[in-house]
Amino acid sequence: MLNPKMEMELNKQINEELYSAYLYQSMAAYFAASNLKGFAKWMDVQASEEVKHARKFYDFIIDRMGKVVLEAIEKPPVEWDSPLAAMEAAFKHEQHVTGRIHFLVDLAREVKDKSAEVMLDWFVMEQVEEEASVDEYVQMLKMFGDKPQGIMMVNHEMGERGED
Ligand code: FEO
């Protein structure tokens with residue numbers, strides 16, 4: 001039986017992950033409209049990843065015989081000032097998600113929910129990876145992004161991303 005607070009916060013996390021998917025899909029559209037197909041592809045793949053994250057929380061609640069409650073998803077921004085500004089916003093968002101995951105781990109410990117704690121372990125490490133991969137592109141753009149060749153180099157690199 002899921003603790004009611006845990007259940008509420010896991011439901012909130014479904015919404016957070018679906019908002020992440022929405023945000024990255026909006027960034028993908030922004031990049032596609034700017035003819036940056038590599039950035040757009042990377043964000044497309046990232047958006048699909050976020051839907052999978054939401055699904056993991058959804059499945060966990062169902063498996064624990066809890067109640068899934070899907071709330072409205074907030075509208076994401078549609079424009080950014082530059083590719084760097086968009087990637088910095090993505091990094092900031094991932095830091096926010098990391099904070100949420102750590103909060104959930106603390107809550108799982110507080111309510112002595114071992115299964116939630118173990119399920120969340122995967123997300124703790126996933127966040128390390130997500131922050132590192134976005135930061136890599138932020139740093140590249142800071143180094144070379146003020147030149148068109150720099151943007152095209154990062155665009156090419158991001159376009160190499162396959163499905164994870
Ligand atoms: Fe599901 Fe990018 O955090």
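# A tour of four helices

Select H2 and helix H4 (residues 114-144): their axes come within 12 Å and cross at roughly 170°. The cut-off for roughly antiparallel is over 145 degrees, so H2 counts as roughly antiparallel to H4. Keep in mind that this is a predicted model.

Stay on this pair. H2 passes H4 in a left-handed crossing. Now show the side chains that make the contact. On H2, pick residues including Phe 39, Trp 42, Gln 46, Glu 50, His 53, Phe 57 and Phe 60. On H4, the partners include Ala 116, Met 119, Leu 120, Phe 123, Glu 130, Val 134, Tyr 137 and Leu 141. Colour the contact by class. You should find 12 nonpolar, 4 polar and 5 charged residues between H2 and H4.

Look at the spacing of the numbers as you go. An α-helix has 3.6 residues a turn, so residues three or four places apart point the same way.

Next, select H2 alone, residues 37-63. How many residues does H2 have, and how far does H2 reach from its first C-alpha to its last? The helix has 27 residues and reaches 39 Å, close to the 39 Å expected at 1.5 Å a residue. Step past its end to Met 65, which follows H2 and has a positive phi, near 60°.

Go back into H2 and centre on Glu 50, which lies in this helix. Is Glu 50 buried or exposed? Its relative accessibility is 1%, so Glu 50 counts as buried. The cut-off for buried is under 20%.

What surrounds Glu 50? Leave aside its neighbours within four places in sequence, and Glu 50 is in contact with Glu 17, Ser 20, Ala 21, Tyr 24, Glu 94 and Glu 130. Then draw a line from the C-alpha of Glu 50 to the C-alpha of Leu 18. These two residues are 32 apart along the chain, yet the atoms are separated by 6.4 Å.

Now the other pair. Select helix H1 (residues 4-33) and helix H3 (residues 83-110). They pack at an angle of about 170°, with their axes 11 Å apart. That angle makes H1 roughly antiparallel to H3. Colour this contact by class too: 19 nonpolar, 4 polar and 7 charged residues.

Last stop: H3 by itself. H3 has 28 residues and reaches 41 Å from its first C-alpha to its last. The expected value, at 1.5 Å a residue, is 40 Å, and the reach is close to that. Just after H3, click Lys 112, where phi is positive, about 55°.

Key:
Residues are numbered from 1 along each chain as its sequence is written. This is a predicted model: local features need pLDDT of at least 70, side-chain atom pairs count only at pLDDT 80 or more; totals for chains, interfaces and linings use all residues. Side-chain values use heavy atoms; hydrogens and water are left out. Helices (H or I, at least four residues) and strands (E, at least two) are DSSP runs, numbered from the N terminus. The expected span of a helix is 1.5 Å times one less than its number of residues. Axes are lines fitted to C-alpha atoms, for helices over the stretch in contact, and angles run from 0 to 180 degrees between N-to-C directions. Angles under 35 degrees count as roughly parallel, over 145 as roughly antiparallel, 65 to 115 as roughly perpendicular and the rest as oblique. A crossing is left-handed if the near helix is turned anticlockwise from the far one by less than a right angle, and right-handed if clockwise. Contact means heavy atoms within 4.5 Å. Ala, Val, Leu, Ile, Met, Phe, Trp, Tyr, Cys and Pro count as nonpolar, Asp, Glu, Lys and Arg as charged, and the others, Gly among them, as polar. Buried means under 20% relative accessible area, exposed over 50%, partly exposed in between (1.4 Å probe, protein chains only).
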